[in-house]
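Hello,

I am handing this structure over to you, as agreed. Please look at the sequence and the model first; my notes on what was found follow below.

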Amino acid sequence: MRLSRMITAVEAHAEGEPGRVITGGLPHMPGNSVFEKMQWMQENLDEVRLLMLREPRGNPGLCCNALVPPCDPSADAGFIIMEQTEYPPMSGSNTICVVTVLLETGILPMVEPVTELTLEAPAGLIRVRAECSDGKVTRVEFRNVPAFAVHLDAPVEVAGLGTVTVDVAWGGMFFVLAEAEKLGVSLDAGNGAEIVRVSEAIRHATAEQLPVSHPDNPAITGPTITNLWGAPVGEGTHGRGAITLSTGPFDPARPQDASGILDRSPCGTGTCAKMAVLHARGLLGVGENYVNAGPLGTTFTGRIVETTTVGPYPAIVPTLSGQGWIHGTANWTLDPTDPFPSGYTVGDMW
Ligand SMILES: O=C([O-])C1=[NH+]CCC1
């Protein structure tokens, strides 16, 4: 066997959303921050993202994280997040997967009943509190980067849908948010294809008509992801959402060909963006929880712990909590004669 790559990984999911964690096999990535390391990886090593996320080693619903040494001296570990069409600055489900892997495989020491650690994500420092029992991480709570609303009740002209009223908010990624019921879209997981089609049309139109960038880092732009939200359905929940991640380019002339995938979790950054919108509308206050359900019925619990400002925007500092599980380990390899050195996609499921 001759190999041009061997990548060691731990397979994990957080409340249903898969988040592979690469623990070895990647070269040193230069940079004075994890954000700069992410930029270097995007420019010099993007074939690894494609190799991990595309077939035969990946699938449309998979996210992948690369553990990297942190740059901030207060951080215990750094991680770069890879998705099908972008390197997101932050991700709740992937943070929970990374923490679960770091502690349950011994990369960082587990302290029971509570382990406290700091991660450096591309978006910044993430303070983590992990509840642990008998060697298992039973709950991960992290203090996210500040979340804020940029637009509330903004009209967007969407091909095939007409004028759609949207919110645009940052929760670690830039989301466009719209109410599913007003669009006549069911949020039941079985309606995934319509959710993706409608969400991609709204995202594409909003990115064109209401482009946004982060006041502290203009290289972070959007919106890149969509949150169709609705009323709570489960006992003890405050809301539900279906988050669509793009898996390919969108052609407004052929919205029926939209390619995207639902986050299987309630989406941590999406929950934080929704909380920022609720707070901006005076509907959620400091100290209040927001339990958000995703397509599988699993939940993340968000909480506003304080308020702040980001550039010109009033903002909230949210915590988010949920649980992760390891479901495998792998050595992913690439033979130099493999005809697909960056994996492949086929139109039937991409
Ligand atoms: O939990 C999260 O923030 C996300 N999960 C997948 C995309 C972003």
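**C267 and the ligand**

C267 sits in the loop between β15 and α6 (268-280). Please keep in mind that this is a predicted model. C267 has a positive phi of about 75° although it is not a glycine. Is C267 buried or exposed? With a relative accessible area of 4%, C267 is buried, because the cut-off for that is under 20%.

C267 is also one of the residues around the ligand. The others in that set are E17, E83, S91, G92, S93, M173, L245, D263, G268 and T269. Three polar contacts to the ligand can be looked up directly:

- G92: a polar backbone atom is 2.8 Å from an oxygen atom of the ligand.
- G268: a backbone N or O atom lies 2.7 Å from an oxygen atom of the ligand.
- T269: a polar side-chain atom is 2.6 Å from an oxygen atom of the ligand.

How much of the ligand does the protein bury? Taken alone, the ligand exposes 250 Å², and the protein buries 100% of that.

**Domains and cores**

The protein is divided into domain 1 (5-144 + 325-334) and domain 2 (147-319). Their C-alpha centres lie 23 Å apart. Domain 1 puts 24 residues into the contact, and domain 2 puts in 31 residues.

The largest nonpolar core has 87 residues. Those with the most contacts inside this core are I80, L119, V166, I202 and L228. Helix α3 (residues 92-104) supplies the largest share of the core, 7 residues. Where does this core lie with respect to the two domains? Both domain 1 and domain 2 give residues to the core, so it lies between them. As background, nonpolar side chains in soluble globular proteins tend to be buried together.

For one residue of this core, L228, the contacts are listed in full, not counting residues up to four places away in sequence. L228 touches A178, A180, L183, V185, L187, I195, V198, S199, I202, R240, G241 and A242. Apart from this core lies another one, of 13 residues. Among them are A149, I243, L245 and C267. L245 and C267 have already come up among the residues around the ligand.

**Helices α2 and α3**

Helix α2 covers residues 46-53. Of its 8 residues, 6 are buried, so α2 is largely enclosed by the rest of the structure. The buried residues are V48, R49, L50, L51, M52 and L53. What covers them includes the strands β1 (5-14), β2 (17-24), β3 (63-68), β4 (77-82) and β19 (324-334), together with helix α1 (34-44).

T100 lies in helix α3. T100 is buried, with a relative accessible area of 0%. Leaving aside neighbours within four places in sequence, T100 is in contact with K136, V137, V140, G324, W325 and I326.

**Strand β6 and the loop after it**

S133 lies in strand β6 (residues 124-133). At 34% relative accessibility, S133 counts as partly exposed. Leaving aside neighbours within four places in sequence, S133 is in contact with E112 and T138. S133 and I96 are 37 residues apart in sequence and 16 Å apart in space, C-alpha to C-alpha.

D134 is found in the loop between β6 and β7 (136-143). D134 has a positive phi of about 50° although it is not a glycine. D134 is exposed, with a relative accessible area of 74%.

**Prolines in loops**

The peptide bond from E55 to P56 is cis, with omega near 0°. P56 lies in the loop between α2 and β3. A cis peptide bond also joins G222 and P223, where omega is about 0°. P223 lies in the loop between β12 (217-222) and β13 (225-230).

P255 is in the loop between β14 (239-246) and β15 (260-262). Not counting residues up to four places away in sequence, P255 touches R197 and F250. P255 and D167 are 88 residues apart in sequence and 21 Å apart in space, C-alpha to C-alpha.

Best regards

How values were computed:
Residues are numbered from 1 along each chain as its sequence is written. This is a predicted model: local features need pLDDT of at least 70, side-chain atom pairs count only at pLDDT 80 or more; totals for chains, interfaces and linings use all residues. Side-chain values use heavy atoms; hydrogens and water are left out. A nonpolar core is a set of buried Ala, Val, Leu, Ile, Met, Phe, Trp, Tyr and Cys residues joined through side-chain atoms within 4.5 Å. Buried means under 20% relative accessible area, exposed over 50%, partly exposed in between (1.4 Å probe, protein chains only). Helices (H or I, at least four residues) and strands (E, at least two) are DSSP runs, numbered from the N terminus. Domain bounds come from an automatic or database domain assignment. Contact means heavy atoms within 4.5 Å. A residue is near a molecule or strand if one of its heavy atoms lies within 4 Å of it. A polar contact is a pair of N or O atoms within 3.5 Å; within protein, one must be able to donate a hydrogen and the other to accept it, and residues adjacent in sequence count only if both atoms are side-chain atoms. Accessible areas come from the Shrake-Rupley method with a 1.4 Å probe; for residues, only the protein chains shown count as cover.
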